[in-house]
Each structure stands twice: as C-alpha cells, then as structure tokens.
Amino acid sequence: MEGIVFKKNREVILHQMMDASLLFVFSTPKEDVKYDVDRNYYYVSGNFEYENIVVLYKNGQEIKEMIFIHRYDEIKAKWVGAPLSKDKVAEQSGFKDIYYLDEFDEIISNYILEISKLYVDLKDEKNSYSQEKLFANRMKEKYPALVIYNAENLFKKARTIKSIEEIEEIKKAISITKIGIESILKNMKESYEYQLESYFDQAIKYHGATGYAFPTIAASGKNACCLHYMANDNIAKNGDLILFDLGCSYHMYCSDISRTFPVSGKFSPRQKQLYQIVLNGQEYVMKHIKPGITTKELNQILVKFYAEELKAIGLIQKDEEVKKYYYHGVSHHIGLECHDLCEYLPLMPNSIISCEPGLYIEEEGIGIRIEDDILVTEDGCINLSKDILKTVEEIEKFMEEQK
C-alpha cells in the first residue's frame with residue numbers, strides 16, 4: 001500500500017490521543033522475522049524493519065509524526081541486508097520527520113518536557129520484561145509527573161473499522177487462499193494430513209502470499225473435533241471428512257477460511273446431512289449480520305438454530321445439549337491478525353468478521369466447520385469469500401473432475 005494509507009492511519013490514532021501527549025510504538029526486536037513485526041507498528045508505518053520506533057506528538061495545534069530507523073552499517077548489510085534509506089521510508093510510510101535510532105534520546109528529550117501524558121503500546125501489561133514495559137518504566141522513573149496510558153486501547157478502536165485499502169488487501173489474501181484450497185482438492189487422496197497441507201503451502205507462496213495467517217489445521221476424522229488440532233500427522237482415510245482451517249497473509253492482512261471435504265470425493269448420507277445443517281446455519285447467521293448486532297448475539301442465533309435442527313435429527317433431546325456438539329463462538333474480527341485487535345461492540349460498517357459455525361460429533365468421528373470472511377456494510381453484509389467452493393454439489397463436482 002502507498003504511504004498515504006499509513007499516514008491516514010496515523011491521523012486516526014492522533015485524533016484519539018489526548019492533548020499534550022506522546023505515543024510510542026515499537027517494531028520487533030529481532031532482525032530475522034520480516035513479516036512478524038508488531039501489527040500496531042505496521043498499522044502506522046507500513047514498515048517491516050526491526051527495532052524501529054514510531055513516535056506521535058500532539059500538543060495544541062502542533063502535530064509531529066516521527067520514525068526512528070537504522071543507519072546504514074556495512075557489516076550488517078553483508079549479513080542481514082541494508083536498512084531502508086530515509087527516502088525509501090518516506091515513500092513507503094509517508095513520514096516527513098525521519099531520524100536515526102541513535103538520535104532518539106536527544107530528539108525525544110525536546111518534546112517530553114512539553115507533555116503530561118505518555119502512550120505506550122503495552123500489549124501484555126503483565127509482562128514486566130517486554131521492551132514496551134521496560135521503556136514505560138524508564139520514562140516514569142525519569143519523569144515521575146507523566147501519566148502513562150496503554151496505547152493498545154487507541155489501536156483497538158482504530159483497527160475495528162477497515163479502510164478501503166485494507167479491505168482490498170484482505171480480499172487479495174482470500175483470493176490466494178482460494179487457489180491454495182483448490183490445490184488441495186486437486187491432489188486429494190488418502191494420505192497424511194501434512195501431505196495434503198503441503199499443497200496449500202506451495203500454492204499460496206507461489207501466488208504471492210507473504211506469510212500464513214496462522215498454522216494450518218488439517219484434521220481428518222475425529223481429529224476435527226479438536227478445535228486447535230495442529231499435529232497434522234494422521235492418515236486422512238477414504239470415508240473420512242477432513243477439516244481445513246487455513247489462511248494466508250498478504251502485506252500483513254489475513255484471510256481465515258475453514259472448509260470440510262470428503263477425502264474420497266463423496267459425502268456419505270450422514271456426512272451430507274450434518275454438513276448441510278452447518279451450511280444452513282451459516283447462511284442463517286449471515287442473514288442477521290448488520291450494523292448494531294453483536295458477535296455474541298450472532299452466536300446465540302446459531303445456537304437456537306442448532307437446537308431445532310439437532311433435535312429434528314435425534315442427535316439431542318434438549319436445547320442445552322447443543323454445547324456438547326458446538327463449543328466455540330461463531331465470529332471474530334479479521335484484519336492484520338487472524339483474530340484481530342478490536343473493540344467488541346455492536347458491529348459497524350467496514351468491520352470484517354468471520355462466520356464459522358461448526359458441529360463436532362466425536363462418537364461418529366465427524367467434525368465439520370465452514371468459515372467465511374464477512375464485510376459488514378451499511379445495511380447488511382457481503383461474503384468476501386463466497387467464491388471458495390462450499391456446497392456439497394460444488395465440492396463433489398470439483399473433486400470428480402480431478403479424477
């Protein structure tokens with residue numbers, strides 16, 4: 001994305017900051033994790049480099065947006081590559097005030113005495129040894145009059161609503177994920193779960209993914225009844241269903257998709273019956289996604305739907321028995337992280353959430369989850385991943401064509 005996008009993101013944060021305040025956001029402390037920089041740091045910088053620091057200053061009418069970066073070092077350049085130049089950072093991030101890290105203390109001292117409030121991105125306030133916590137403690141010790149606030153609260157509000165550019169990045173991640181899923185299906189046969197997973201890995205990398213949204217779940221048979229199964233080392237057998245929960249990142253923005261397929265290419269009558277209940281449940285929930293509703297309310301809608309459907313097929317007798325076969329929430333926010341930082345308030349336009357009903361019948365060795373990525377609109381929602389194979393007929397037809 002262009003630097004102007006990240007400048008707009010900084011303006012969103014600055015708008016929330018109190019007057020007479022400074023905000024500090026740190027990148028990652030390691031140089032070997034390019035696409036694992038701090039997500040809040042990336043949100044305001046668009047930069048992947050380690051150890052850098054973004055500083056925002058707000059005092060009356062005076063606003064400053066600063067970034068501190070590495071100087072060129074010939075030895076480091078030979079080992080880990082040269083850092084971006086000031087010109088490149090300006091182009092990438094939209095910063096005008098760009099300094100080197102060795103200038104940080106001197107330059108910040110010019111601003112710190114003018115403010116009374118300090119924002120530091122304290123993701124885990126219980127971690128006494130994080131660089132953010134250590135920095136906050138040092139500032140408090142040196143300037144005891146400062147009031148320190150957790151900047152994460154500003155980012156929660158900002159990242160809940162996605163810009164047009166962010167939505168496009170997520171749509172690109174979804175399109176790459178679609179290719180990866182189809183690669184799995186083209187090679188589906190009785191084999192180890194990790195072997196099937198490998199087709200997704202290769203496809204998304206080839207088509208431009210910059211990383212994984214999270215470790216892929218490839219869970220066949222009763223393994224799919226474990227929500228976060230990650231061993232992926234059992235044989236997916238003909239007759240089994242296999243549940244894939246997967247996604248990629250594109251320029252840090254994530255997709256999060258779940259699909260459940262028959263290893264043989266054909267659903268058994270029982271598998272089809274249960275699969276259709278999950279699919280119908282997802283469609284029913286999506287009809288209710290709109291501004292003003294909460295993700296908790298969406299889950300309650302699904303549970304009520306399941307109670308009627310599961311009683312109708314004799315799987316349960318009482319409504320409260322649903323929790324035996326469905327034991328997670330139906331939605332979470334998606335963005336720079338698979339479970340994105342957000343404010344869990346009634347939904348607002350331009351939020352992106354998952355819709356992921358599931359059923360898990362361990363005694364039958366069947367686990368089913370269907371998950372799509374949903375954009376909340378002014379009067380409803382749009383399924384951004386609607387083009388990924390999902391119905392029984394689509395899946396069986398596609399798999400038959402691969403034989």
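## Strand E6 and a nonpolar surface patch

Helices and strands are named here from DSSP runs and numbered from the N terminus, with at least two residues needed for a strand. The structure is a predicted model. In this model, strand E6 covers residues 147–150, and tyrosine 149 is part of that strand.

Tyrosine 149 also belongs to a nonpolar patch on the surface, which it forms together with Met18 and Val147. The area of this patch is about 220 Å². Tyrosine 149 has a relative accessibility of 31% and is therefore classed as partly exposed.

## Helix H7 and its packing

Helix H7 spans residues 152–160. Its buried residues are Glu152, Leu154, Phe155, Ala158, Arg159 and Thr160. These buried residues pack against two helices, H1 (3–16) and H2, and against the strands E1 (21–26), E5 (117–120) and E6.

## Asparagine 52

Asparagine 52 is found in a loop that runs between helix H2 (39–45) and strand E2 (53–59). Its relative accessibility is 0%, so asparagine 52 counts as buried.

What joins the side chains of asparagine 52 and tyrosine 41? The link is a polar contact of 3.4 Å. When neighbours within four places in sequence are left aside, the residues in contact with asparagine 52 are Val25, Phe26, Ser27, Tyr41, Asn47, Phe68, Ile69, His70 and Leu101.

## Residues with positive phi

Asparagine 232 has a phi near 50°, a positive value in a residue that is not glycine. This asparagine sits in the loop between strand E9 (217–220) and strand E10 (235–236). With a relative accessible area of 3%, asparagine 232 is buried.

Methionine 252 likewise has a positive phi although it is not glycine, with a value near 85°. The loop that holds methionine 252 lies between strand E12 (248–250) and strand E13 (253–254). Methionine 252 has a relative accessible area of 1% and is buried.

## Cysteines

A disulfide is a covalent bond between the sulfur atoms of two cysteines. How many disulfides are counted in this model? With a cut-off of 2.5 Å between the sulfur atoms, the count comes to 0. Cysteine 254, for instance, takes part in no disulfide, as the nearest cysteine sulfur belongs to cysteine 338 and is 6.4 Å away. Cysteine 254 is buried, its relative accessible area being 2%.

Why does cysteine 381 not form a bond with the closest cysteine sulfur? That sulfur, in cysteine 355, is 7.9 Å from the sulfur of cysteine 381, which is too far for a bond. Cysteine 381 counts as partly exposed because its relative accessibility is 25%.

## Salt bridges

Side chains of opposite charge can pair when their charged atoms come close. Over the whole structure, 22 salt bridges are found. One of them joins lysine 162 and aspartate 340, whose closest N and O atoms are 3.3 Å apart. Lysine 162 is in the loop between H7 and helix H8 (164–186), while aspartate 340 is in the loop between helix H12 (322–325) and strand E15 (352–355), so this pair ties together parts that lie 178 residues apart in sequence. Are these two partners buried or exposed? Lysine 162 is buried, with a relative accessible area of 3%, and aspartate 340 is also buried, at 5% relative accessibility.

A salt bridge of 3.8 Å, N to O, connects the side chains of glutamate 308 and lysine 311. Both residues belong to helix H11 (residues 295–312), and because they are 3 residues apart, about one helical turn separates them. Glutamate 308 is partly exposed at 47% relative accessibility, and lysine 311 is partly exposed at 31%. Shared partners also link salt bridges into one network, made up of Arg159, Lys162, Glu337 and Asp340.

A further salt bridge is formed by aspartate 387 and lysine 386, with 3.3 Å between the closest N and O atoms. Aspartate 387 and lysine 386 are both exposed.

Methods: Residues numbered from 1 in each chain as written. Predicted model: local features only at pLDDT ≥ 70, side-chain atom pairs only at ≥ 80, totals over all residues. Heavy atoms only, no water. Patch = residues over 30% accessible without salt bridge, like charges linked within 9 Å, V, L, I, M, F, W, Y side chains within 5 Å. Areas by Shrake-Rupley, 256 points an atom, 1.4 Å probe, with all protein chains shown as cover. Salt bridge = Lys/Arg side-chain N within 4 Å of Asp/Glu carboxyl O. Helix = DSSP H or I, 4+ residues; strand = E, 2+ residues; numbered from the N terminus. Buried < 20%, exposed > 50% of the residue type's maximum accessible area, 1.4 Å probe, protein only. Polar contact = N/O pair within 3.5 Å; in protein donor to acceptor, adjacent residues only side chain to side chain. Contact = heavy atoms within 4.5 Å.
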